[in-house]
Amino acid sequence: MTTCEVTVLNTGAKFSVNQADIILDGALAQGISLPHQCRGASCGTCKVKVAHGAVDHGWSLGLAISDDEKARGYCLLCQARALTPTLQIELPEGADVDAQTTTVFSSEVLSTVNLTPRIKRVVLAAPADVGFTYPAGAYVELVIPGVTPNRMYSLAAADEKTGVMELFVSRHPSGQASGFIHDELKVGDRIQVRGPFGTCRLPPGDGPVVGFAGGTGLAPVLAIFEDALAHGFSDAMLLMLSVREVQEVFALDRLATLTRRYQNFQYQIVVTEEVSRYTAEPMLAPLWIQQTFSSMALYRAVISGSPGFVQACVQACTALGLAADRISTDSFASSGPAPGMCVP
C-alpha cells in the first residue's frame with residue numbers, strides 16, 4: 001500500500017499515512033495532535049492549507065469548506081486522503097493543537113437493549129470519580145478491540161451530570177464496530193471511552209425549531225430538544241424521524257412523553273419504503289419538508305443522519321429560505337457517527 005510522508009510546517013511534526021486512509025485518522029493513531037472537532041466535515045476545525053502535494057478532498061456538505069477554498073489549496077483533514085508521496089500542510093494561525101485534550105476512561109456497560117431489529121440502545125457509566133459531563137449534542141469515541149480508528153457515537157440524552165451515557169447503535173452488515181456492540185458487548189463489560197467531542201448545538205437566534213433525524217441520527221436531535229425544553233424553551237419545536245420501514249421506528253416513548261409534557265413540542269414519523277399509519281403515502285424526508293412548509297425563513301433546524309440524508313434535508317430547507325447559519329448538522333458514515341458535526 002502506498003504511503004505518504006506528511007509534514008506539519010508550523011510544528012515540524014512528521015508522520016506517515018497510507019494514501020487510502022484519512023489523514024487525520026492516521027495522525028491521531030500515531031499520537032500526532034492536530035486541531036479537530038467533529039470529524040464529519042462540518043465544523044471546519046481541521047481545515048489546513050496544503051503547501052505542497054495534493055489531496056482527494058472526499059465528502060463534504062460544503063458548510064465547512066467552499067469550492068473556492070479548495071481551489072486555493074485548503075482541505076479538511078477529517079475527510080482528505082493524500083494523492084502524492086509527500087505532503088506539507090500549514091495549520092491556521094493561532095490553531096490550538098491541544099484543543100482536543102479530552103477525558104479518557106474505562107466505562108461500565110449498564111444496559112444493552114434491542115430497540116428494533118437493527119438498533120440497540122447501549123447505556124454506559126463513567127467512573128464516579130472522573131466527573132464526566134457533556135453538552136447536549138455531543139458525541140464520544142469508543143475504543144473497540146481490533147477496530148481502528150475509534151468509532152464515534154452521539155449521546156442520545158442530555159447530560160444530567162451523572163456520568164451516564166446513552167447511545168443508539170445501528171447494526172451495519174459489514175461493520176466490525178457495530179457487530180461487536182450488537183453481538184459481543186454485555187452488561188458488566190468495560191469499554192474505553194474518549195470525549196466529549198462535537199459542536200452540535202441548538203442554532204442561535206429566535207424562532208421555531210425543526211429537527212430532522214434519519215434513523216439513529218435521532219440521538220443528538222432528541223438530546224438537544226429535550227435539553228432545550230427542560231430549560232424552558234418556549235418557541236415551537238417539531239421533530240421529524242425518518243426510517244425505511246415501520247419496524248425501524250423507535251423511541252416513541254421518549255417522543256410521546258415530550259408531547260404530553262410540553263405543549264410547544266410535536267413530532268412526526270416518516271416511513272420511506274412502505275405504507276404506514278404515519279403519512280398518507282411512503283415518502284422521503286425532502287418531500288415531507290416541501291409538503292409541510294411553504295417557507296422556512298423564520299425557522300432554525302437541527303439535522304442528523306447519513307451524509308445523503310443530511311445533504312438532501314439541507315437542500316430542501318435552504319430552497320425554502322432557511323439561512324445556512326440557522327442550520328446545525330450532524331452527519332455520520334456507516335462505520336459509525338461522526339456525530340457531532342453540528343455547526344450553528
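Colleague: Where does A251 sit?

Modeller: A251 is found in the loop between β15 (237–243) and α5 (252–261). Such labels come from DSSP runs, numbered from the N terminus: a helix is H or I over at least four residues, a strand is E over at least two. This is a predicted model, in which local features need pLDDT of at least 70 and side-chain atom pairs count only at pLDDT 80 or more, while totals for chains, interfaces and linings use all residues. Residues are numbered from 1 along each chain as its sequence is written, and side-chain values use heavy atoms, with hydrogens and water left out.

Colleague: Why is A251 called buried?

Modeller: Buried means under 20% relative accessible area, exposed means over 50%, and partly exposed is in between (1.4 Å probe, protein chains only). A251 has 12%, so it counts as buried.

Colleague: What makes the phi of A251 worth a look?

Modeller: Most residues other than glycine have a negative phi. A251 is not a glycine, yet its phi is positive, about 65°. K161 is another case, with a positive phi near 60°.

Colleague: Is K161 buried or exposed?

Modeller: K161 has a relative accessible area of 67%, so it is exposed. This residue lies in the loop between β11 and β12.

Colleague: What part do β11 and β12 play in the open sheet?

Modeller: The sheet has six strands in the order β11-β10-β13-β8-β9-β12, with antiparallel pairing. β11 (151–154) and β12 (164–170) are its edge strands, each pairing on one side only. Neighbouring strands are turned by 40° against each other on average, direction ignored; axes here are lines fitted to C-alpha atoms, and angles run from 0 to 180 degrees between N-to-C directions.

Colleague: How do you know that β10 and β13 pair?

Modeller: Two strands pair if DSSP finds at least two bridges between them. Strand β10 (residues 139–143) and strand β13 (residues 190–197) have four bridges, in the antiparallel sense. In one of them, Y139 is matched with F197 of β13. P196 is also in β13, and a cis peptide bond, with omega about 0°, joins G195 and P196.

Colleague: What does the UniProt record say about residues 102–203?

Modeller: The unreviewed entry annotates them as "domain: FAD-binding FR-type"; such annotations may be inferred rather than shown by experiment, and positions follow the numbering used here. In the model, the span is 8% helix and 42% strand, and its end C-alpha atoms lie 24 Å apart.

Colleague: Which backbone oxygens does the side chain of R300 reach?

Modeller: The side chain reaches the oxygen of P203 at 2.7 Å and that of G207 at 2.9 Å. A polar contact is a pair of N or O atoms within 3.5 Å; within protein, one must be able to donate a hydrogen and the other to accept it, and residues adjacent in sequence count only if both atoms are side-chain atoms. R300 lies in strand β17 (residues 300–305) and, at 2% relative accessibility, counts as buried.

Colleague: How many cavities of 30 Å³ or more are there, and what makes a space a cavity?

Modeller: There are two. On a 1 Å grid over the protein atoms alone, a cavity is a set of points where a 1.4 Å probe fits but cannot get out, and lining residues have an atom within 4 Å of a point. The second largest cavity holds about 30 Å³; its lining includes H57, W59 and K70.

Definitions and conventions:
On a 1 Å grid over the protein atoms alone, a cavity is a set of points where a 1.4 Å probe fits but cannot get out, and a pocket is an open set with protein on both sides within 12 Å along at least five of seven lines; lining residues have an atom within 4 Å of a point. Grid points are joined across faces, edges and corners, and a volume is the space filled by probe spheres set on the points.
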